[in-house]
Each structure stands twice: as C-alpha cells, then as structure tokens.
Amino acid sequence: MEWQPTVYLVPFVFSALLSFGLFLYVVVGRTHLLDRPVVRMFVALTFSIAVWAVGDVFQLLTTGLLAKRAWLGVQFIGASGSTLGLLGFALAYTDNDEWLTPRVFALLAVEMVVALGLLATSPRYHQLYVVTVDTATDPATGLVMLDRTLGPAATLHVVYSYALIVVAIALLLRAAVRSDEFFRSQSLAVVVAVTVPFVVNVGWFVGLGSGGNLDFTVLGFSFSAVALWYAISRYSLLAVSPVARKTVVENMADAVVVVDQEGRIVDANPAVGALGVSRPSTLVGERAVEAIPSLAPVLADDDPADELSVETDDGTRHFAVSRQPLESAAAGTTLLILRDVTEQRQIEQRYQRLIENSSDMITVLGADGRIKYDSPAIEGLLGYDQDEWVGRRGRERLHPDDQDRMVAEFLQGVDERFHTSRHEYRIRHANGSWRVFESFASNLLHDPVVEGMVLNSRDVTDRKRRERELERTNERLDEFASVVSHDLRNPLTVGNGYLQAAKEGDMEALEVVEEAHERMERIVDDALELARQGDAVQQTESVDLTTAARRAWATVETGDAVLQFAGEGTVAADRDRLRRVFENLFRNCVEHATTDDGPVTVTVGVEHDPSAADPAVTRFYVSDDGPGIPADRRERVFESGVTTNDEGTGFGLAIVESIARAHGWSVVAEESETGGARFAFAVSGSTTG
C-alpha cells in the first residue's frame, strides 16, 4: 500500500484526535451520566465523528483505488452514524425522548444501509450510487484523490442526510431561542458546534472553496470538539438540560432554587411554596436567606446542611437537599433541589421506635463482617451497651465452635443478592456465659438505605433447653416402652410354662410363677424409674459376676445351651440392671448361636488389671461358639430394631448398650476365640475381684 505525504496530514490528524478525545472525555469523565438518553446519544455522535475523521485521514493518505474505496466505506459508516447520532442527541436534548426508540432509528437507518450496500456491491448495482470512480491527481492540491461521478442513489443519500441534519439543527435552534437566559449560552454553543462542520460539508459538496476535491469537513470537527468541550465544562452540558424547564422543573414536586454567587435567587419553581413562600414567582432577584430563611443552613459556607426542617401550617416538613454547582457565565451559581421527605422521615421514626422497643435484637453487618449497628435490645439480651460492639467483627462474640461455620455462611450470603437464611449459634453474654440465638439474615448490602447484612436475632436458650429436656423425656419413654415390651418376655414365658405345669397338678410350680410375676413387677418398676430419672445409675453395690450370671441364666429359656465361666470377680453395679444385661445377652446367644452341630456354649469371662495391688476387674465379656457377627454389622448391632431373627424385636442389645452407658461402661461386639460372638464390657469404678 502506497502513501502520499501532504501538509494537510497534521491538521487532519489533529482534528481526528480531538474528535476521539472528546468521545473519551465524555465516556470516562461522565460515566455516572451514561444512563441518560442525551448522554448516550452524545457518545454515539462523538464516536461516529471520530470514525468519520479516521476514515478521512487514511483515505487522504492512501493512493491506491481499492484502499481509498475501503476507507471511503469507513467514512460513509462514520458519516451515517454521526447523522443519526446528531438527530438522536437533538431529540434527547429538546425533550423529545418519545422518538428515541429502536424502531424509529431502524426505519431512519434503512436508506443508509441500502446506500452502503450499493456502495459495496457489484459494479452492476454500484453504478446506482457511483457511476464512475477512479483516482486522479487533484490540480488544486497535487494529491491523488478519488474522482467520482455520483449516481442517483448518492444524491438521494446526501439530500436525505442533510434533511436529518437540518431537522436536528432546527430543534437545537428552537431550544436556544426558548431557553431562559441562564441556559442560552449553553444552547448556542451546541448549535454553533454542530452547524460549522455541516456548512463546511455543504460547501464541499456543491463545489465551493479553493480546495478542489479535498473535503475539509474533518477540520470543522475540530471546531465542534472544542465548542462541545467548552459547553460541557463551562455550561454543564449533559449535567443540566435547559429544555425540560417548562415540562419538568415547573411541574416537578421537588422545590428547585438557583442561587448565584452573591446569594440572590436566579430562578425558582412553584414547588418552593412548600417552604412557606406565598408567591414563588416574585423570588427572582431577592436574597435567598431573606426570601426563604430556612435556606440559610443549606447556603452556609462551612459545612452546609444536606437536610432542613420547615415549620408550616401543616406541621414540620423535612426536606433533603441536593446541591449542584453550575459553572455558567455567572460563576459560583448553585442549583438547589429540595425533596420533601417528611413521610419518609415519619416512617423511619416509626420503625426506629419499633426497633428500639423490640425484644428481638437487630444487628447490621458490613460486607467485611464488622458490626455497623446493634439495636437497644442487646442491653437486655446480652448485657452490652448498645454501641459497645460497633466497629468490631461479629465473629468475635461467637462461640469458637460456631465461628468458622457462621463466617462461611455469612460470606455465602454476601455473594448472593437478596439472600435470606436462618441460623442458630451461640453468643457470649457479658457475664461470660453462652446464649443460643436464632437469627434470620437478609442481604441488604445493595440497599442504599441499609447497606448491610441485617440479622433479626432472638434468644432461644430457654427454648432449646426445653427442647432438649423434651427430647430426653421422649428417649426415656421410648426406652421404657422397649424395656417393657422386650424384657417382660423372659419372665412371662417362664411364668406361663410353670403355670401350665401347675394346671397339670405340680403345685410347686406356682412358686416359680410367683417369682416370675415379681420379676416382671421389678422390671416395670425399674423401667419407670429409668424413664423418670434418665440413664444414669445413682447407686451401685458390689455384685459377683458369677452369681449374677447364674441367676440370669435361670430366668432365660436356654434349652440345651451350656453356661461356663472363665474367671471370677465382682463389679460395682446395679444388681437388677446387671442381671438384665446377662438375660438379654444369654437370650441373644441362644437365639442366634444355636446350630445343627449341637447346643451352644456360652462363656462369661473376666479380665483383671495385673498392675493393681488388689487386681480389679477391668473387663468382662459374654461369648458363644456360634457363627458370630459379620464384621460389617458389629457397629450396628446395638441400634434399636436391628436384628437377624424374624421373631426378635431388635431391642435386646440396644438395652444392653443403654444399661452399660448408664453405668459409665462401654461395650463392643467382637469375635470370640471360637469364631462366635463376644460382647466385651470395659468397666470403670469396679470393686476388686
């Protein structure tokens, strides 16, 4: 690609840079205003002008026909975009936002899209836009330029674009004429900025000027960029729009007052009547603090108030004040917007009183986990002063075991907008105790009024204690039912057997029946006591293991099973409960260990601590020589309802484990030396053997 040097390069490049710089100035420096249509249209206009200028610079520098036609296409896109951008800006600036719709601009762009298609398509259709196109040396500038003969489509496109530009300029001129004196300089700056490059382009199109075929529109853009930048920085263009004065300011509910550097009122809307002014239309020219005394705190040189209260016939009214400096011809002019927030303040006071008198504690945490607010309820619930924890991390008053969990849940809630959740945790009371709290968390970090994670917390310590007590009561009731239904079976079976013998004439059997009934009565009594008093064994005595085992063996239907002993000893235990342990284990052995090879042998063994001067029983066990318990089932055999016998209830070993726990022992299921099952008890607090 060949390039041609030219003295026009510097001003053309400078103009392009100015245009692009204006675009960046608005996008970067006025980011907070990009949600306004007038600013978005202005950005579209300045960007399109920058594209047009860049295309013009490279079309000027290149000499080849293809390169020039390509950059001509870039120019066309920039010019079309700037035409639509100018019209959009004019519509937004002149308060005609109802025309700023995608449908309207899509219809306006149809002609431009068709023209671009004709410009870029095959020669057959291209001639509708450009009849002939070639490069030639321009005699006026000595540069290789495009030599074109425009077709009817090009003429139509130019006329159409000029018509849109004229409409835009007309809208801006009308705005300048109708604007108040305060905003007229701003409006005229805009009109001049968009008119100058338009006039230059028209002159080039009709062949006026001494530049031959060279288009100086881009140089006009440099003037536009300077004028628009001046309007933005000097007259607050884009920040304050003058056109909505009649339709917005005059009818808005907020009071608007413009005060110059000397403190005189330049303008005021009718809404200032809410400040106690009887005739707002007569305020212009008056000193603000004399005409509206309530404005004095707002206009103070040092630390001006951002809210004021006014006494009116309807009572006290509260106004939030927004200050906007206006860098106009009268330097130091300030725009005041006063919004009536009386109802909002009343609602805030109402909720403030509700919070202050609530028995629940309201806490607000920042995104960093630091406490921003605690309601007065903290004084009664936790014993702290209301502001004692403000600024400190909330995790510091949590129980150490709850901190990691709550921090993780807090961070999850922070990341999720509008997150709500419920939590339970422990908080340290001022007296050092721990209280259980239930909190409902709401993520209001994005709410500009709250800006925090709100916790509504209630002390549930007493409730949790009652729940635990109820849970323990239910457990004891369940155990009572299990004990009664399971343990009564053995003496009932024995009693029924001997009762049948008594019916057949063996009257001595009635003694055994009586003993069985007494046994059942003791079981019921003990179960009731266990249900009422809990698991713990209150009193123990020295019980001989061999004797306890033999008595238990006599009350269980063991058939041909054999009982043997491996050692002797005594333990500190509740005699009846220990006997019940043996009964349940013997019954379990007989039911599960009997095989076709012969009767089961049950062994009661004792282990001693050899290091003790008077060796004490440290372990005792009950084992059998049956098939044993699979290793993967040994940990579950003590669970209620677990059984491998269709006729069993699954409560026997659960009762054994419960009684062992009541004594402070532990019990495990193991494999015996013969491969059968062994239930070993680790004994604490035993007597010597």
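How many bridges join strand S11 (residues 434-444) to S12, and in which sense do the two strands run?

**Solution.** Eight bridges join S11 to S12, and the strands run antiparallel. Two strands count as paired if DSSP finds at least two bridges between them; strands (E, at least two residues) and helices (H or I, at least four) are DSSP runs, numbered from the N terminus. Within this pairing, phenylalanine 437 stands opposite aspartate 459 in S12. S12 (residues 452-459) is also joined antiparallel to strand S8 (residues 361-365), by five bridges. There, threonine 363 stands opposite leucine 455.

The model is predicted: local features need pLDDT of at least 70 and side-chain atom pairs pLDDT 80 or more, whereas totals for chains, interfaces and linings use all residues. Residues are numbered from 1 along each chain as its sequence is written, and side-chain values use heavy atoms, without hydrogens and water.

**Exercise 2.** Establish the strand order of the five-stranded open sheet and identify its edges.

**Solution.** The order is S4-S3-S7-S6-S5, with antiparallel pairing. Strand S4 (265-268) and strand S5 (307-312) each have a single partner strand, so one side of each is left without a neighbour in the sheet. Neighbouring strands are turned by 25° against each other on average, direction ignored. S5 pairs with strand S6 (residues 315-326) over six bridges, and threonine 312 has glycine 315 of S6 as its bridge partner. Helix H10 (residues 342-356) packs on the sheet, touching S5, S6 and strand S7 (333-340), and its direction makes about 120° with that of S6. Axes are lines fitted to C-alpha atoms, for helices over the stretch in contact, and angles run from 0 to 180 degrees between N-to-C directions.

**Exercise 3.** Describe how H3 packs against H6.

**Solution.** The angle is about 25° and the axes are 9 Å apart. H3 is therefore roughly parallel to H6, a term for angles under 35 degrees. Among the residues making the contact (heavy atoms within 4.5 Å) are Phe76, Phe89 and Tyr93 of H3 and His157, Leu164 and Leu172 of H6.

**Exercise 4.** Characterise the largest nonpolar core.

**Solution.** A nonpolar core is a set of buried Ala, Val, Leu, Ile, Met, Phe, Trp, Tyr and Cys residues joined through side-chain atoms within 4.5 Å; buried means under 20% relative accessible area, with a 1.4 Å probe and protein chains only. The largest has 58 residues, and those with the most contacts inside it include Phe42, Phe89 and Leu237. Its largest share, eleven residues, comes from H2.

Technical notes: Buried means under 20% relative accessible area, exposed over 50%, partly exposed in between (1.4 Å probe, protein chains only). Angles under 35 degrees count as roughly parallel, over 145 as roughly antiparallel, 65 to 115 as roughly perpendicular and the rest as oblique.
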